[in-house]
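Here is a short set of exercises to work through with the model open beside you. Try each task before reading on to its solution.

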Amino acid sequence: MAKFVLHNTRIFAGAADLTGYSNKIELSSEREEKDVTAFNPAEGQAGWKEVIGGLASTKISGEGQWEAGDPSRVDNESWSGLGAIGAWTICPTAASPGGLAYFTNALRTSYELGGKPGDVAPWKADASGTWPLVRGVSVHGPGTARTATGSAPGVQAVPVPAGKQLYAALHVLSIAGTATPSLTVTVESDDAAGFASPTTRLSFASATAVGSQILRSATTNADTYYRVSYTISGTSPSFLFMVSVGVA
């Protein structure tokens, strides 16, 4: 990816697509520095401090323009999610399949709103990761409404080696229809783009309301293509949802 100017960064928090209501997002990850300097240093280490990595942490901070009125708006999601843990996904350039995505399971730690007379009503929110920060790819973008059972095209990703886990995050952003529309999403992998013999790797719980889910599996595999399949039921159902996968 070449140098670029931030202008189409996609931000998903729980059931909300915050892209159209935000103008700043910061994502940081760090690991504690632990001093293990000894009286009897290793050869060549004399006179030098020695450290190892401790616990890792992730912080998310966003802000933008305040709106409320339904579960997809920033006020509804931030207020109901304050003190709760849910999926966050940030795509630096776009959320289309194959695009870079960073995601984690995070605790919503703060929510601020309001300002001075004449201000565009602002919001600020912070979250702290409680799972690893995963660098992966989008496998299903939020721009295509799904109305019937099917599968999305495959996306090239990376295999899951020993000691690592496969992660996936699902954001269900809108639901329409009657007779309790339901969406069940699974993540499949294969060793080729054609998905002649797909293997189910992760299965999300059936979704009948907007919201988010995040899953992981420690099962190793050498497959390099991933896709989502979805089972949809109800009367005149329609779902907008976003899914990302990655290895950490």
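## Exercises on a predicted model

The mean positions of the 17 positive and 20 negative charges of the chain are 2 Å apart. Keep in mind throughout that this is a predicted model.

**Exercise 1. Describe the chain as a whole: its elements, its extent and its surface.**

Solution. Start with the secondary structure: the chain holds one helix and 14 strands. Next, take the extent: along the principal axes, the C-alpha trace spans about 75 × 60 × 35 Å. Then turn to burial, where 40% of the 248 residues count as buried. The accessible surface comes to about 12,700 Å², and carbon and sulfur atoms hold 52% of that. Finally, look at the contacts with a separation of 6 or more: 74% of them join residues 24 or more positions apart.

**Exercise 2. Find the largest nonpolar core and say which elements give two or more residues to it.**

Solution. First, the general background: in soluble globular proteins, nonpolar side chains tend to be buried together. In this chain, the largest nonpolar core has 24 residues. Val139, Leu183, Val185, Val187, Val228 and Phe241 have the most contacts inside this core. Now assign the core to elements: strands S8 (134–140), S11 (166–190) and S14 (225–247) each give two or more residues. The most comes from S14, with nine residues.

As a next step, zoom in on Leu183. Leaving aside neighbours within four places in sequence, Leu183 is in contact with Val172, Ala205, Ser206, Ala207, Tyr230, Thr231, Ile232, Phe239 and Phe241. To finish, note a second, separate core of 14 residues, with Ala16, Trp88, Ile90 and Ala125 among its members.

**Exercise 3. Trace the strands that pair with S11, and give a residue pair for each.**

Solution. Take the partners one at a time.

- S13 (residues 211–217) runs antiparallel to S11, and seven bridges join the two. Here His171 stands opposite Ser212.
- S14 pairs with S11 over 20 bridges, also in the antiparallel sense. Glu188 stands opposite Arg227 in S14, and Asp190 stands opposite Tyr225.
- S12 (residues 199–203) and S11 form an antiparallel pair over four bridges. Glu188 turns up again, opposite Thr200 in S12.

Putting the Glu188 entries together, this residue stands opposite Arg227 in S14 and opposite Thr200 in S12.

**Exercise 4. Now do likewise for S14: how do S8, S9 and S10 pair with it?**

Solution. Begin with S8, which pairs antiparallel with S14 over four bridges; Val137 has Val245 as its bridge partner there. Move on to S9 (residues 150–151), joined to S14 by two bridges and running antiparallel to it. In that pairing Ser151 stands opposite Ser229. Last comes S10 (residues 155–156), antiparallel to S14 over two bridges, with Tyr225 as the bridge partner of Gln156. Tyr225 is thus a residue to revisit, as Asp190 also stands opposite Tyr225.

**Exercise 5. Which residues of helix H1 are buried, and what do they pack against?**

Solution. Locate H1 at residues 74–81 and pick out the buried ones: Val74, Asp75, Glu77, Ser78 and Gly81. Then look around them: the buried residues of H1 pack against S1 (10–13), S2 (16–17), S4 (51–65), S6 (100–113) and S7 (122–129). After the helix comes Gly83, with a positive phi near 85°.

**Exercise 6. Set two residues side by side, Thr149 and Glu32, and describe where each one lies and what it touches.**

Solution. Thr149 lies in the loop between S8 and S9. Thr149 and Thr231 are 82 residues apart in sequence, while their C-alpha atoms are 4.5 Å apart in space. Not counting residues up to four places away in sequence, Thr149 touches Tyr230, Thr231 and Ile232.

Glu32 is found in strand S3 (residues 22–35). It counts as partly exposed because its relative accessibility is 37%, and that class lies between the cut-offs of 20% and 50%. With residues up to four places away in sequence left out, Glu32 touches Ile52, Gly53, Gly54 and Leu55. As a last check on distance, Glu32 and Pro153 are 121 residues apart in sequence and 40 Å apart in space, C-alpha to C-alpha.

Note on methods
Residues numbered from 1 in each chain as written. Predicted model: local features only at pLDDT ≥ 70, side-chain atom pairs only at ≥ 80, totals over all residues. Heavy atoms only, no water. Buried < 20%, exposed > 50% of the residue type's maximum accessible area, 1.4 Å probe, protein only. Contact = heavy atoms within 4.5 Å. Areas by Shrake-Rupley, 256 points an atom, 1.4 Å probe, with all protein chains shown as cover. Lys, Arg positive; Asp, Glu negative; His and termini not counted. Charge placed at Lys NZ, Arg CZ, Asp CG, Glu CD. Core = buried A, V, L, I, M, F, W, Y, C linked by side-chain atoms within 4.5 Å. Pairing = 2+ DSSP bridges.
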